[in-house]
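Me: I'm new to this one and would love a friendly walk through it. Could we look at it together?

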Amino acid sequence: MPATAAAKIPPEERLVNLVVALIATDQGLTKDTILTSVAGYREQSEAGASKDALEKMFERDKESLRGLGVPIETIGDWADPDDLREARYRVPTAEYELPEDIEFTPAELALLTLAGGVWSQSSMSDDARSGLRKIRALGDLVDEPIIGFSPRLSLHDPAFPPLQQAIEQSTVVTFPYLKPGEDAPRTRRVQPLALVEYEGRWHVFGIDLDVRADRTFLLQRIVGPVVLTRVSFDPALREGAGDRALAGLEEVAARNSALLEVNPGTEAALRLARRAQPAEQGIRVPYVDEHIFADELASYGPEVRVVAPAELRDRVIDRLAAARDLHRGVS
């Protein structure tokens, strides 16, 4: 009978109970107190589960909660901080409280909550997750009419999450990178300093350790796993890195621009207009990577025509011809 009662408490309910218990205490709770009093552990203990099994369950639950962005603080013996035999655990209330001098109107809260909902948890920094927790902890002060209209920004580049983790931890990474015109990727060893979005595409900016110089890498050219090494670097290197990266990308784009004729009212017109300047013959659009931009222009089909430069026009034609041949079954 006790085992049946224990089995009725699902893991997610046990996690909720643990969070509530750790938030409710200022002094923190010892592991023994948690295992004997928090619902989900208590029932398992009463059902005969060993202390070793319960402790392993608690350690897994802690890691799960930290992975979800819930900060769990470990308080050791003040005389011997490394002695965790009588350690106490809690969720710092500061993580769920905004400064007293900050106030938001219901409309502002709605927009902040909406913005937080747009980004998946894997793409948010620790600071962003902490801020979102504090906003949500304010309760039901949100205007309801716009809730439900929440777009999702999905990151299709699998390199994004490990690169973001490496930046936050100031850790050197390696990854295979395939440049246009090369037959095989080359392994890059980089101190990643910032992730920046430009022209709707994500780039990682950092120091290429093999050439000892700043480099910007397009994430979609990373063709294999990003590996976090055990080598760290000075976090101060990250200061101003995002601004430097964007300045460099804008400098490259200023040297490369395409003269395009675009059919009005089309998807191409809508997407290109936000970064275009009017010209005597159509619009002029700056770009960073000729190959990637050619892919984009080819995807619009007959909605856009490249007037100049000729090299870009040829690349778009090659892609359209390849698509035509593929549909005709030509190898």
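Reply: Happily! A residue is called buried when its relative accessible area is under 20%. Please keep in mind that this is a predicted model.

Me: With that cut-off, which residues in helix 11 are buried?

Reply: Helix 11 spans residues 290–299 and is mostly covered. Of its 10 residues, 7 fall in the buried class. They are Glu290, Ile292, Phe293, Ala294, Glu296, Leu297 and Ala298.

Me: At the start of helix 11, which backbone nitrogen does a side-chain oxygen of aspartate 289 reach?

Reply: Let's look at where helix 11 begins. The oxygen in question belongs to the side chain of aspartate 289, and it comes to within 3.0 Å of its partner. That partner is the backbone nitrogen of histidine 291.

Me: And which residue with a positive phi follows helix 11?

Reply: Now we move to what comes after the helix. The phi there is positive, near 60 degrees. The residue is glycine 301.

Me: Why is strand 6 described as largely enclosed by the rest of the structure?

Reply: Strand 6 covers residues 201–208. It is largely enclosed because the buried residues number 8 of the 8.

Me: How many bridges join strand 6 to strand 5, and how many to strand 7?

Reply: Strand 5 (residues 186–198) runs antiparallel to strand 6, and one of their bridges pairs valine 190 with aspartate 208. Strand 7 (residues 213–218) is also antiparallel to strand 6, with isoleucine 207 opposite aspartate 214. The counts are 8 bridges to strand 5 and 6 to strand 7.

Me: Which residues in the turns of these two hairpins have a positive phi?

Reply: The hairpin of strand 5 and strand 6 has 2 residues between the strands, while 4 residues lie between strand 6 and strand 7. In each turn the phi named is about 55 degrees. The residues are glutamate 199 in the turn between strands 5 and 6 and arginine 212 in the turn between strands 6 and 7.

Me: Which element gives the largest share of the lining of the largest pocket?

Reply: The largest pocket holds about 540 Å³ of space. Of its 22 lining residues, those closest to the centre are Tyr177, Lys179, Arg215, Thr216 and Phe217. Strand 5, strand 6, strand 7 and helix 9 (241–255) each supply at least two lining residues. The largest share, 5 residues, comes from strand 7.

Me: How many charged residues are in that lining?

Reply: Sorting the lining of the largest pocket by class gives 10 nonpolar and 3 polar residues. The charged residues number 9.

Methods:
Residues are numbered from 1 along each chain as its sequence is written. This is a predicted model: local features need pLDDT of at least 70, side-chain atom pairs count only at pLDDT 80 or more; totals for chains, interfaces and linings use all residues. Side-chain values use heavy atoms; hydrogens and water are left out. Buried means under 20% relative accessible area, exposed over 50%, partly exposed in between (1.4 Å probe, protein chains only). A polar contact is a pair of N or O atoms within 3.5 Å; within protein, one must be able to donate a hydrogen and the other to accept it, and residues adjacent in sequence count only if both atoms are side-chain atoms. Two strands pair if DSSP finds at least two bridges between them. On a 1 Å grid over the protein atoms alone, a cavity is a set of points where a 1.4 Å probe fits but cannot get out, and a pocket is an open set with protein on both sides within 12 Å along at least five of seven lines; lining residues have an atom within 4 Å of a point. Grid points are joined across faces, edges and corners, and a volume is the space filled by probe spheres set on the points. Ala, Val, Leu, Ile, Met, Phe, Trp, Tyr, Cys and Pro count as nonpolar, Asp, Glu, Lys and Arg as charged, and the others, Gly among them, as polar.
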